[in-house]
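Colleague: Could you take a close look at one part of this model and then set that part in the context of the whole chain? Please give the reasoning behind each assignment where there is any.

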Amino acid sequence: MLELRPEFGTFSQQHISLMPRKAPTPRKISAEEVEGGAKPRPAKITADSAADAKLGGVDDLTRLALKACLIARDAAFNVSDLLTHSSRMAFLAIKDCEKELDLIERQIDERLPAAITRVNEARARQLLSSLKSTTDLERIGDLVMSVAMRVQARTSKMPASDVRQLVEMSSVLREMLDLIHKGFSTLDLECARKVLQMDKEIDRVCHALFQKHLAETVAQGDLSGFEVLLMAQALERAGDHTTNLAEDLYSLIEGRSLRHAPKKKAAN
């Protein structure tokens with residue numbers, strides 16, 4: 001893969017689209033309790049839940065990681081809108097997403113060391129997965145932001161074929177992030193498998209754009225094609241980070257990693 005690494009900007013406007021949390025289902029009151037005027041008993045507090053409450057909630061950190069996944073997905077959706085319609089609102093939404101992802105990563109990074117010392121092995125694995133996931137999601141936010149900044153900085157209209165292929169890449173990225181959110185929410189291994197397959201589609205479109213633009217003869221000083229390649233590479237790298245998330249999901253469910261697997265020996 002060609003290494004054309006753009007510089008990424010940061011912004012301070014906060015993401016305004018927050019996902020509401022589902023209220024807990026109330027315990028049903030029995031007929032005996034109604035007749036006797038008894039009050040419903042509170043849920044039993046276990047040692048783990050008491051520790052969670054003291055730490056601000058281990059489950060809170062997991063929910064933050066899931067929220068980060070939805071924010072990254074929204075950023076990918078808005079970059080498609082920005083490419084298609086040059087929407088100012090889409091650009092501002094991407095800025096908001098990037099800022100919120102930075103904030104969530106910092107919150108998890110600060111709170112996880114204390115939380116992980118007070119939980120069992122299964123919960124510790126879940127917390128480590130949340131930390132790794134938000135690191136990849138924050139990077140995806142940066143990469144999508146870099147695409148948005150390049151789109152905004154253009155002074156000439158982008159060729160329709162380039163727009164179509166970049167939108168295709170961003171749409172696949174959004175679908176991958178949707179699957180990652182579902183996979184981590186339901187611990188569905190099939191979601192991880194689908195994401196690993198879909199990354200090949202992003203790679204295919206990216207390579208097609210490179211072949212097209214590197215074969216073109218352009219006027220000296222015309223960097224418009226080079227800018228398109230930087231956008232394509234940023235989206236391709238965002239896809240790579242999403243496959244990292246799929247591998248983390250696999251590791252969380254199966255208890256073993258897909259990374260650095262031993263290579264099969266060639267037949268003699």
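**The loop between α3 and α4, and its surroundings**

Modeller: S86 is located in the loop that joins α3 and α4. The model is a predicted one, and what follows should be read as a description of that prediction. The phi angle of S86 is near 50°, a positive value in a residue that is not glycine. For context, most residues other than glycine have a negative phi. S86 is classed as exposed because its relative accessibility is 55% and the class begins over 50%.

On one side of this loop is helix α3, which covers residues 58-85 and contains T62. In contrast to S86, T62 counts as buried, because its relative accessibility of 16% falls under the 20% limit. Once neighbours within four places in sequence are set aside, T62 is in contact with Q126 and S130.

On the other side is helix α4, residues 88-116, to which M89 belongs. M89 has a relative accessible area of 63% and is therefore exposed. The C-alpha atom of M89 is separated by 8.7 Å from that of N78, although the two residues are 11 apart along the chain.

The two contacts of T62 draw attention to helix α5, which comprises the 33 residues 121-153. At 1.5 Å a residue, α5 should span 48 Å, and its end C-alpha atoms are indeed 48 Å apart, so the expected and modelled spans agree. At the start of α5, N120 places a side-chain oxygen within 3.3 Å of the backbone nitrogen of A122.

A second positive phi in a residue other than glycine occurs at L187, where the angle is about 55°. L187 is in the loop between α6 and α7, the latter being residues 189-215.

Two cysteines may be added to the account of burial. C97 has a relative accessible area of 1% and is therefore buried. C191, at 3% relative accessibility, is likewise buried because it too is under 20%. The count of disulfides in the model is 0.

In the wider setting, the protein has 8 helices and 0 strands, and the order along the sequence is α-α-α-α-α-α-α-α. Of its 268 residues, 45% are buried. Among contacts with a separation of 6 or more, 82% are between residues 24 or more positions apart. The protein exposes about 15500 Å², of which carbon and sulfur atoms supply 55%.

Confidence bears on how much of this may be read closely. The mean pLDDT of the protein is 79, with 72% of residues at 70 or more. Helix α6, residues 160-186, has the highest mean, 96, whereas helix α2, residues 47-54, has the lowest, 40. The pLDDT is below 50 over residues 1-56, a stretch that nevertheless has 75 contacts in the model beyond near neighbours in sequence. Where pLDDT is low, the predicted coordinates should not be read in detail.

To return to the part in question, the loop between α3 and α4 holds S86, whose phi is positive and which counts as exposed.

How values were computed:
Residues numbered from 1 in each chain as written. Predicted model: local features only at pLDDT ≥ 70, side-chain atom pairs only at ≥ 80, totals over all residues. Heavy atoms only, no water. Helix = DSSP H or I, 4+ residues; strand = E, 2+ residues; numbered from the N terminus. Expected span 1.5 Å × (residues − 1). Polar contact = N/O pair within 3.5 Å; in protein donor to acceptor, adjacent residues only side chain to side chain. Buried < 20%, exposed > 50% of the residue type's maximum accessible area, 1.4 Å probe, protein only. Contact = heavy atoms within 4.5 Å. Areas by Shrake-Rupley, 256 points an atom, 1.4 Å probe, with all protein chains shown as cover. Disulfide = S-S within 2.5 Å. pLDDT = per-residue confidence, 0-100.
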